[in-house]
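Visitor: I would like to be taken through a protein model, feature by feature. Where should a reader begin?

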Amino acid sequence: MRVVSLVPSLTEAVAVTVPGALVGATDWCSHPAGLDVVRVGGTKNPDVTAIAALRPDLVLANEEENRAPDLAALRAAGLDVLVTEIRTLDEGLRELERVLAACGATRRPRWLVDAEAAWESVTTPAPRTAVVPIWRRPWMVLGRDTFAGDLLARLGVRNLYADHDARYPRIPLDELRAAAPDLVVLPDEPYRFTRDDGPEAFPGTAAALVDGRMLTWYGPSLAEAPRALSRALRAAHR
């Protein structure tokens, strides 16, 4: 089996579960460390010619991370493309099983079993309202039907824009402040929010700096995510 992955979290999942299956991945596929495969461009601009030259049996993609025209071009090149759709934890766990089986895994990996157990054992704390920026200049936040929003909800964080028409709406900063959240959750990807870049925009509001991989990746990190995210949320400071 020869696999090219255009989704960083799926790259990690396949690499640790089916060693040797991956022959190509995007420039953004940073895990596992030291992954030695051909790089085929970005998630939004994959090099179709380079991918085809690798003669993969399967290309892994995601309906959110990868553009439809690129996926159409890969199919037009005669390649088999598996496209995942993941907007909740449950969907993520199901899609991971489908992806790994398609890539040749003969049994459920230990990390997937551990991830299910970790999330099943979560005790939801008292709810807090939050806004969850993912970009600034312009400000963009989590809206409806997002994987990250589902994880946060399981940890007692109610996204104030969960019912917005858009999945990643652009909201002016003054409107975000006026929403009066209990908490602002600031991940370090796709925009790299830090202690010095982000919290100052929400004076008087507790700010939780979270690992974006723990919040948005579906793969081996899911086993650690409940503990890591809960710790970051508890550590939120004004």
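The dialogue below goes from the whole chain to single residues.

Guide: Begin with the status of the coordinates: this is a predicted model. Then take the overall make-up, which is nine helices and eleven strands.

Visitor: What radius of gyration does the protein have, and what would a compact globule have?

Guide: The general idea is to compare the value with the one expected for the chain length. For 238 residues a compact globule would come near 18 Å, and the protein has 18 Å, so the two agree. The box gives another view: along the principal axes, the C-alpha atoms fill roughly 55 × 35 × 30 Å.

Visitor: How much of the chain is buried?

Guide: Buried residues account for 52% of the 238. The accessible surface comes to about 11100 Å², and carbon and sulfur atoms hold 50% of that area.

Visitor: How should I read the contacts in terms of sequence separation?

Guide: Take the contacts between residues at least 6 apart in sequence, then ask what share spans a long stretch of chain. Here 58% of them join residues at least 24 apart.

Visitor: And how far apart are the mean positions of the positive and negative charges?

Guide: The protein has 28 positive and 32 negative charges, and their mean positions are 3 Å apart.

Visitor: Let us turn to a helix. How is its cover read?

Guide: Count the buried residues, then see what they pack against. Helix H6, residues 147-154, is mostly covered, with six of its eight residues buried. These are Phe147, Ala148, Gly149, Asp150, Leu151 and Leu152.

Visitor: Which elements do the buried residues of H6 pack against?

Guide: Their partners are helix H4 (89-102), helix H5 (110-120), strand S9 (157-159) and helix H8 (212-216). After H6 comes Gly156, which has a positive phi near 85°.

Visitor: H4 is among those partners. Which of its residues deserves a closer look?

Guide: Glu95 is one residue of helix H4. For an acidic residue, check both cover and polar partners. Glu95 counts as buried because its relative accessibility is 13%, against a cut-off of 20%. Its side chain reaches the backbone nitrogen of Glu85 at 2.9 Å. Neighbours within four places aside, Glu95 is in contact with Val83, Thr84, Glu85 and Ile86.

Visitor: What does the side chain of Asn66 reach?

Guide: Place the residue before reading its contacts. Asn66 sits in the loop between strand S4 (58-62) and helix H3 (68-76). Asn66 is buried, at 5% relative accessible area. Its side chain reaches the backbone oxygen of Leu6 at 3.1 Å. A polar atom of that side chain also lies 2.8 Å from the backbone nitrogen of Asn62. Beyond four places in sequence, the contacts of Asn66 are Leu6, Val7, Thr43, Lys44, Ala61 and Leu71.

Visitor: Is Gly219 buried or exposed?

Guide: Gly219 has 0% relative accessibility and so counts as buried. The residue is placed in the loop between H8 and helix H9 (225-234). Leaving out neighbours within four places, Gly219 is in contact with Ser9, Ala13, Leu96 and Trp111. For a distance across the sequence, take Cys29: 190 residues separate it from Gly219 along the chain, and the C-alpha atoms are separated by 12 Å.

Visitor: Backbone geometry next. Which peptide bonds are cis?

Guide: Read omega, and look for values around zero. The bond joining His31 and Pro32 is cis, with omega about -5°. Pro32 belongs to the loop between strand S2 (22-25) and strand S3 (38-39). The bond from Glu189 to Pro190 is also cis, and its omega is near 5°. Pro190 is in the loop between strand S10 (183-187) and strand S11 (206-210).

Visitor: Where is phi positive in a residue other than glycine?

Guide: Two cases can be set side by side. Arg137 has phi near 60° and lies in the loop between strand S7 (133-135) and strand S8 (140-141). Ala180 has phi near 55° and is found in the loop between helix H7 (173-178) and S10.

Visitor: How is their cover read?

Guide: By the relative accessible area, where over 50% means exposed. Arg137 is exposed at 61%, and Ala180 counts as exposed at 54%.

Note on methods:
Residues numbered from 1 in each chain as written. Predicted model: local features only at pLDDT ≥ 70, side-chain atom pairs only at ≥ 80, totals over all residues. Heavy atoms only, no water. Helix = DSSP H or I, 4+ residues; strand = E, 2+ residues; numbered from the N terminus. Buried < 20%, exposed > 50% of the residue type's maximum accessible area, 1.4 Å probe, protein only. Polar contact = N/O pair within 3.5 Å; in protein donor to acceptor, adjacent residues only side chain to side chain. Contact = heavy atoms within 4.5 Å. Rg over C-alpha atoms; globule rule 2.2 N^0.38 Å. Areas by Shrake-Rupley, 256 points an atom, 1.4 Å probe, with all protein chains shown as cover. Lys, Arg positive; Asp, Glu negative; His and termini not counted. Charge placed at Lys NZ, Arg CZ, Asp CG, Glu CD.
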